[in-house]
Amino acid sequence: MNGWRGASPTARLLLVAVLLTGLTTFMFLPLLAIELTAHGIPAGRTGFLVGLLAFSSQAFSLLSGLLVDRLGPRRVMAAGFLLRIAGYVLLGLGGAGRPAPLVAGIVAVGVGGSMLGLSTKTLLVSQEGSDPRTMLALRSTFVNIGVVVGPALGALVYPLGFRYILAACVLSHLVLGIGLVSGRTAAAVPGRTAAKATGPGAGPDADPGTAPDAAAGRPGEVTRRTLLRHWAPLAALGVAYWAIYSQLNVLLPIAANELTGSTAAISVVFTANGLLVVLFQYTLLSRVFRRATARTLLALGFLAFACAYAVLIPLAGWYSLLAFVLPVTLAEMLIGPSLDEQAVNAAALRRTGLALGTMSAAGALGSLLGSSLGGQLLQATRGGSRAWVLLVGCSLAAAAICLLLPKVRTHHA
């Protein structure tokens, strides 16, 4: 990858941290429910605890962004590593007869993950010599390597005992924490140093942290109208993306089983999806669509979502399911990093953490709404194609909302 070769030593170390934390997280996460039930914890309480992990991470994202901007990413990263290490240790101590360390451990892992994720992402998009799109594309690639490889590693280690997986998590976070926090890797200022957002009227002397209207001759006039014009459609798109994407975990597993008669069908979809992202994410964003604005990529991504769900309408068994994989993966590769890029470009100076935290919070709301409404939709439609028609309509509506975003282009290093 040219992006990797051109990245600074700091960026490379951050990406290695993303890879290793992703690997250990996905070694641990798919097996958590199995381990909890094996310890005699009822299924209802197990579901609550697994949900609590996701909620702790997502609900804390906005505050994590504020902390990154207020305290600096180095301190927030250190706190994130400490919380996660403490959380894994507490999970090893917990059990059916000791719920307190179990709950505390799950919350610590979730909150620590939120702090780690936002601090590393803020540092990556702030690296000198690299533009945010390249760093976000590389980050997504490394995350998905963990998604694909992590569960397989977890399955290999689990027969030895779940505590070996927890020990691997603790050891990796301890080594990475010492390496990242003790050195100069986190010393970058969380502002956009390498990529300046330009829009209509933004001149060479414009402050890269101001919105386009403020840079166009009205210094300091970042009005409420300007902020709403940037953030209302962007937040709406963040909610829409995760509401639509969450159907891969709600509607699609049931539909895949009905379409093919195989419970393994959904595993084929997720494996193919992860491999495609790992192989093509970086090339797609940094080369094929290098000159495109984030707004254009978002519109194309939601149109790809519409195509993905449209191919399920005929209910053509494996043909529909396999045809679904490519457009839905294209949508994921275009939309996820582009939402963060648009947020970084629209952020005020030294508010990158808050901008990224806002998008994470929008994603949390979208996931919650999507999961809840997806279940209701499944009950209401009772199979058939109506659910897919509705999702196609929602995707097209989101593509139209993309046109409300300001044209903000990132200058690539």
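The second largest pocket in this predicted model is lined by 16 residues, and those nearest its centre are Ala 243, Ile 244, Leu 373, Leu 391 and Cys 394. The space inside the second largest pocket comes to about 260 Å³. Three helices each give two or more residues to the lining: H10 (224-245), H15 (352-381) and H16 (386-402). Helix H16 makes the largest contribution, with six residues. As for chemistry, the lining has 13 nonpolar residues and three polar ones, with no charged residue.

Let us step back for a moment to the chain as a whole. The protein chain is built with 16 helices and two strands. It has 413 residues, and 52% of them count as buried. Among contacts with a separation of 6 or more, 82% join residues that are 24 or more positions apart.

**The loop between H13 and H14**

A good example of a contact across a long stretch of sequence starts at Ile 313. This residue sits in the loop that runs between helix H13 (294-310) and helix H14 (318-346). Which residues does Ile 313 touch, leaving aside its neighbours within four places in sequence? They are Ser 385, Trp 388, Val 389 and Val 392. With Trp 388, the C-alpha to C-alpha distance is 6.0 Å, although 75 residues separate the two in sequence. Ile 313 counts as partly exposed because its relative accessibility is 29%, in between the 20% and 50% limits.

**Around helices H2 and H3**

Now to the other end of the chain, where three threonines make a nice set to look at side by side. Thr 21 is part of helix H2 (residues 9-38), and Thr 37 belongs to helix H2 as well. Thr 46 is placed in helix H3 (residues 43-59). The side chain of each one has a polar contact with a backbone oxygen, as listed here.

| Side chain | Backbone oxygen | Distance |
|---|---|---|
| Thr 21 | Val 18 | 3.2 Å |
| Thr 37 | Ala 33 | 3.0 Å |
| Thr 46 | Ile 41 | 3.4 Å |

Are these threonines buried or exposed? Thr 46 has a relative accessibility of 5%, so it falls under the 20% limit and counts as buried. Thr 21, at 14%, is under that limit too and is therefore buried. Thr 37 has 42%, which puts it in the partly exposed class.

Their surroundings beyond the immediate sequence are worth following in the structure. Setting aside neighbours within four places in sequence, Thr 21 is in contact with His 173 and Leu 176. Thr 46, with the same neighbours left out, is in contact with Ala 33, Leu 36, Thr 37 and Ile 41. Ile 41 thus appears twice for Thr 46, as a contact and as the residue whose backbone oxygen lies 3.4 Å from a polar atom of the Thr 46 side chain.

Gly 47 is another residue of helix H3. Its relative accessible area is 43%, so Gly 47 is partly exposed. Two C-alpha distances relate Gly 47 to residues earlier in the chain. From Gly 47 to Leu 36 the separation in space is 9.6 Å, with their positions eleven residues apart in sequence. From Gly 47 to Thr 37, ten residues apart along the chain, the distance is 9.8 Å.

**Helix H6 and a distant leucine**

Leu 102 can be found in helix H6 (residues 99-125). How far apart are the C-alpha atoms of Leu 102 and Leu 49? They are separated by 8.7 Å, while the two leucines are 53 residues apart along the chain. Leu 102 has a relative accessibility of 6%, under the 20% limit, and so it is buried.

**Cysteines**

Finally, a look at the cysteines. A disulfide is a covalent bond that links the sulfur atoms of two cysteines. How many disulfides does a search of the whole structure find? The count is zero. Two cysteines show contrasting settings. Cys 402 has a relative accessible area of 0%, so it is buried, whereas Cys 307, at 46%, is partly exposed. Another cysteine, Cys 394, brings us back to the beginning, as one of the residues nearest the centre of the second largest pocket.

How values were computed. Residues are numbered from 1 along each chain as its sequence is written. This is a predicted model: local features need pLDDT of at least 70, side-chain atom pairs count only at pLDDT 80 or more; totals for chains, interfaces and linings use all residues. Side-chain values use heavy atoms; hydrogens and water are left out. A disulfide is a pair of cysteine sulfur atoms within 2.5 Å. Buried means under 20% relative accessible area, exposed over 50%, partly exposed in between (1.4 Å probe, protein chains only). On a 1 Å grid over the protein atoms alone, a cavity is a set of points where a 1.4 Å probe fits but cannot get out, and a pocket is an open set with protein on both sides within 12 Å along at least five of seven lines; lining residues have an atom within 4 Å of a point. Grid points are joined across faces, edges and corners, and a volume is the space filled by probe spheres set on the points. Helices (H or I, at least four residues) and strands (E, at least two) are DSSP runs, numbered from the N terminus. Ala, Val, Leu, Ile, Met, Phe, Trp, Tyr, Cys and Pro count as nonpolar, Asp, Glu, Lys and Arg as charged, and the others, Gly among them, as polar. A polar contact is a pair of N or O atoms within 3.5 Å; within protein, one must be able to donate a hydrogen and the other to accept it, and residues adjacent in sequence count only if both atoms are side-chain atoms. Contact means heavy atoms within 4.5 Å.
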